[in-house]
Amino acid sequence: MTETSGAATAADWRAWQESWDRQQEWYLPDREERFRVMLDMVEALVGPAPRVLDLACGTGSITDRLLKRFPEAVSTGVDLDPALLAIAEGTFAGDERVTFVTADLKDPQWTAALPYSSYDAVLTATALHWLHSGPLAALYGQLAPLVREGGVFMNADHMPSEDTPRINAAERAHRHAAMDRAKAAGALDWRAWWELAAADPVLAEPTARRFALYGEHADGDTPSAEWHARTLREKGFAEARPVWCSPSDSLVLGLR
């Protein structure tokens with residue numbers, strides 16, 4: 001992912017997106033499985049040509065898989081991270097099915113920037129743990145009116161249960177041992193990936209802005225899947241429950 005021409009090519013952007021995916025898989029070895037189930041439920045509940053809001057879209061990982069599986073879908077990606085949005089916009093440049101919006105999900109007026117007033121599906125993964133439970137509950141209240149009647153919201157994220165501390169500790173130790181082995185074999189972790197981005201001539205400036213906005217790491221909450229389902233129902237979804245889980249993560253679906 002070196003820059004030689006002064007402007008990143010499409011291949012460069014795709015390489016950055018794929019590199020992001022590999023880095024995320026270091027933390028989440030079952031990441032593709034959650035995406036498969038997410039898109040299965042999109043197809044089951046709203047069909048194969050959905051209008052989708054890719055919430056906290058990052059590099060567009062969900063949008064990438066959405067369009068490969070459902071070529072007639074359209075996607076709006078929304079995020080605040082300038083570096084990840086640069087990769088997303090570069091990757092999908094020229095694709096009329098995709099629109100990106102820069103917006104802060106903590107801003108009460110963020111939905112005003114969206115190109116559509118409603119969506120068949122709102123999808124997000126490994127992102128909303130950046131929010132504390134209070135702002136997250138408020139966000140869920142904003143999302144309910146955005147999802148059309150019969151549409152879906154899905155959030156895949158860290159959702160550990162506080163009721164099982166020994167199981168949690170054993171799972172974490174096992175997962176981190178595998179991560180250590182992968183890192184010893186050359187896998188990039190989060191910090192190493194961002195160091196590469198900061199050193200790239202094209203991404204250096206948006207990466208600097210990204211860290212000025214966010215700092216190093218999230219300071220949000222990781223409430224349980226039960227909390228997410230209950231809060232979605234309280235905020236206007238007719239039904240909500242987990243539709244997939246791993247030992248540490250869950251995919252919670254809310255149906256309008």
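Modeller: In this predicted model, among contacts between residues at least 6 apart in sequence, 74% join residues at least 24 apart.

Biologist: What makes the protein as compact as a globular protein of that length?

Modeller: The protein has nine helices and seven strands. Its radius of gyration is 18 Å, close to the 18 Å that the globule rule gives for 256 residues, so the protein is as compact as a globular protein of that length. Along the principal axes, the C-alpha trace spans about 55 × 45 × 35 Å.

Biologist: How many of the 256 residues count as buried?

Modeller: Of these residues, 48% count as buried. The protein exposes about 11900 Å², of which carbon and sulfur atoms supply 53%.

Biologist: How do you know that strands S2 and S3 pair, and in which sense?

Modeller: Pairing requires at least two bridges. Strand S2 (residues 74-79) and strand S3 (residues 98-102) have five bridges and pair in the parallel sense. In S3, Thr99 is the bridge partner of Thr76. From S2 the chain crosses through helix H4 (residues 82-91) to S3, a right-handed β-α-β crossover.

Biologist: Why is the contact of Asp21 with Arg65 called a salt bridge?

Modeller: The cut-off is a side-chain nitrogen of Lys or Arg within 4 Å of a carboxyl oxygen of Asp or Glu. The closest N and O atoms of Asp21 and Arg65 are 3.0 Å apart, so the pair is a salt bridge. The pair links distant parts of the chain, with Asp21 in helix H1 (residues 10-27) and Arg65 in helix H3 (residues 61-69), 44 residues apart.

Biologist: Why does Asp21 count as buried?

Modeller: Buried means under 20% relative accessible area. Asp21 has 3% relative accessibility and therefore counts as buried. Arg65, at 13%, also counts as buried.

Biologist: What does the salt bridge of Asp249 with Arg34 tie together?

Modeller: Asp249 lies in strand S7 (residues 249-255) and Arg34 in helix H2 (residues 31-46), so the pair ties together parts that are 215 residues apart in sequence. The closest N and O atoms are 3.1 Å apart, and both residues are buried.

Biologist: Why does Arg69 count as partly exposed?

Modeller: Partly exposed lies between under 20% and over 50%. Arg69 has 31% relative accessibility, so it counts as partly exposed; Asp40, at 26%, counts as partly exposed too. The side chains of Arg69 and Asp40 meet in a salt bridge (2.7 Å, N to O). Arg69 lies in helix H3 and Asp40 in helix H2, so the pair ties together parts that are 29 residues apart in sequence. Salt bridges that share partners join Glu33, Arg36, Asp40, Glu43 and Arg69 into one network.

Key. Residues numbered from 1 in each chain as written. Predicted model: local features only at pLDDT ≥ 70, side-chain atom pairs only at ≥ 80, totals over all residues. Heavy atoms only, no water. Helix = DSSP H or I, 4+ residues; strand = E, 2+ residues; numbered from the N terminus. Right-handed = clockwise from strand over helix to strand, strands pointing away. Rg over C-alpha atoms; globule rule 2.2 N^0.38 Å. Buried < 20%, exposed > 50% of the residue type's maximum accessible area, 1.4 Å probe, protein only. Contact = heavy atoms within 4.5 Å. Areas by Shrake-Rupley, 256 points an atom, 1.4 Å probe, with all protein chains shown as cover.
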